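Visitor: I am new to this structure and would be grateful for a close look at one part of it. Could you please take me through its salt bridges and the places they connect?

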Amino acid sequence: MEDDFNIITDQLFGKTPELNVVSIVGMGGIGKSTLARRIFNDALISRRFDVSSWVTVSKEYDAKEMLLDVLCFSSPSAKAMYCNMSEDELLDQVHRKLKFKRYLIVLDDIWSIEAWDLVRRSFPDDENGSRIMITTRLLEVADSAGNGWLPHHISFLNLEDSWKLLSSKVFGNDDCPPQLGEVGRQIAKQCKGLPLSVVVIAGLLSKINRTYDDWKQVADNVNSHLGSTSEQCLAILALSYNYLPCSLKACFLYMGAYLEDAEIPTDQLIRIWVAEGFLKTISHKKPEEVAEECLDDLVSRSLIMVSTRGRVSGKIRTCRIHDLLRLLCLKEGKAEKLFHVINNCDKVVSEGVEIEHRLFLHVDARRRLNLRLEKGNLDSVRTILCIYLLYTFRLNSTWYKIVDPRFKLLRVLDILKLQFRC
């Protein structure tokens with residue numbers, strides 16, 4: 001992506017003093033966020049701007065959370081200072097923070113014009129070279145946010161670049177064995193130039209035997225799924241899931257419990273995997289050590305992305321999952337009746353619950369949530385996991401009724417910060 005990198009950085013360094021919006025457009029999995037993150041972390045970019053903030057917007061956005069991310073990107077703990085402010089107060093705080101400073105704000109994965117309109121008035125234009133960079137799948141969003149600069153479209157990889165990417169992911173600095181070159185290029189071609197597909201299928205190939213027959217089997221399986229690029233991508237993702245060892249499948253599908261683009265604390269994830277009993281028992285290792293190895297394995301297969309690592313230990317502190325892979329988790333988790341997701345609303349009924357052992361509640365902290373449990377099979381529920389749509393707002397005035405005497409087999413309960421009223 002060197003050409004894309006240079007084009008975007010030239011726009012960020014452009015001599016135009018007015019505040020400008022730099023837009024990166026392309027389909028899911030094509031590398032928009034990867035490119036934006038590489039630019040954002042570049043040393044020259046860091047020195048160019050006085051203030052830099054990264055905001056992950058997502059399809060289900062919240063204006064207050066976006067503004068809090070702008071204010072507190074470099075110090076997340078400071079969110080507590082602002083969490084009780086109204087949206088207008090936060091808009092004013094952002095404006096004050098950025099006023100007279102040269103700033104770079106990245107709005108990653110923005111889906112709607114409304115999301116842009118909610119925050120745009122907080123960005124002052126002091127004609128000092130400030131920039132806003134957005135990534136989006138929708139051209140209309142880029143056109144709406146733009147102020148004269150044309151959106152930059154990310155192109156699909158050509159066959160040669162697809163093969164280079166796949167080969168480097170599988171073999172590193174080593175050369176591809178001659179017997180695998182032809183079939184490897186065939187697999188790369190079937191990825192249709194989508195980097196996510198290339199990287200995920202490379203993660204699969206790195207785990208199987210390096211024989212022509214094994215690689216040919218993968219190529220034949222990919223080739224059996226015809227359709228659009230997005231359908232082909234989902235087929236490749238599903239193929240990588242199908243090749244997972246049984247002990248890893250449940251761990252991977254559990255990622256569907258978390259919200260889109262969420263930063264997932266690995267200590268919490270590991271505790272849940274251990275409590276669920278997903279892991280193999282190894283006599284000389286603690287369950288937490290086995291869980292860490294499972295996490296590393298999923299990362300090496302490019303199914304999970306590392307967000308942060310401990311400075312001293314080097315262990316993964318937070319991780320993320322691409323939204324297309326999350327969709328796969330939700331699809332497969334539902335098909336295998338591994339879990340039942342209850343999306344946010346004021347009142348939720350449980351009649352959709354069949355024989356799932358796990359309930360995942362996506363809770364908005366600004367609303368009351370009262371589970372109406374008159375209907376539905378709850379006898380088999382062993383896990384209740386609450387995921388918050390807002391992570392920073394106080395819940396003192398909110399009550400949730402989720403405990404029910406029919407949860408006789410309840411074993412895993414993750415409801416940090418919830419209050420109960422029975």
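Guide: What follows is an account of the salt bridges, taken pair by pair. The model is a predicted one, and its salt bridges number 16.

One of them joins the side chains of R120 and D117, with 3.2 Å from N to O. Both residues belong to helix α7 (residues 113–120), and because they are three residues apart there, about one helical turn separates them. R120 is partly exposed, at a relative accessible area of 38%, and D117 is likewise partly exposed, at 36%.

A second pair consists of E160 and R185, whose closest N and O atoms are 3.3 Å apart. Here the salt bridge links distant parts of the chain, for E160 sits in helix α9 (residues 159–171) and R185 in helix α10 (residues 178–190), 25 residues apart. E160 has a relative accessible area of 37% and is partly exposed; R185, at 33%, is also partly exposed.

A further salt bridge brings together the side chains of E263 and R320, at 4.0 Å from N to O. E263 is found in the loop between α14 (246–253) and β6 (264–265), while R320 is in strand β8 (residues 316–320), so this pair ties together parts 57 residues apart in sequence. E263 is partly exposed, with a relative accessible area of 43%. R320, by contrast, has 17% relative accessibility and counts as buried, because the limit for that class is under 20%.

Finally, K207, D297 and R301 are joined into one network by salt bridges that share partners.

Conventions:
Residues are numbered from 1 along each chain as its sequence is written. This is a predicted model: local features need pLDDT of at least 70, side-chain atom pairs count only at pLDDT 80 or more; totals for chains, interfaces and linings use all residues. Side-chain values use heavy atoms; hydrogens and water are left out. Helices (H or I, at least four residues) and strands (E, at least two) are DSSP runs, numbered from the N terminus. Buried means under 20% relative accessible area, exposed over 50%, partly exposed in between (1.4 Å probe, protein chains only).
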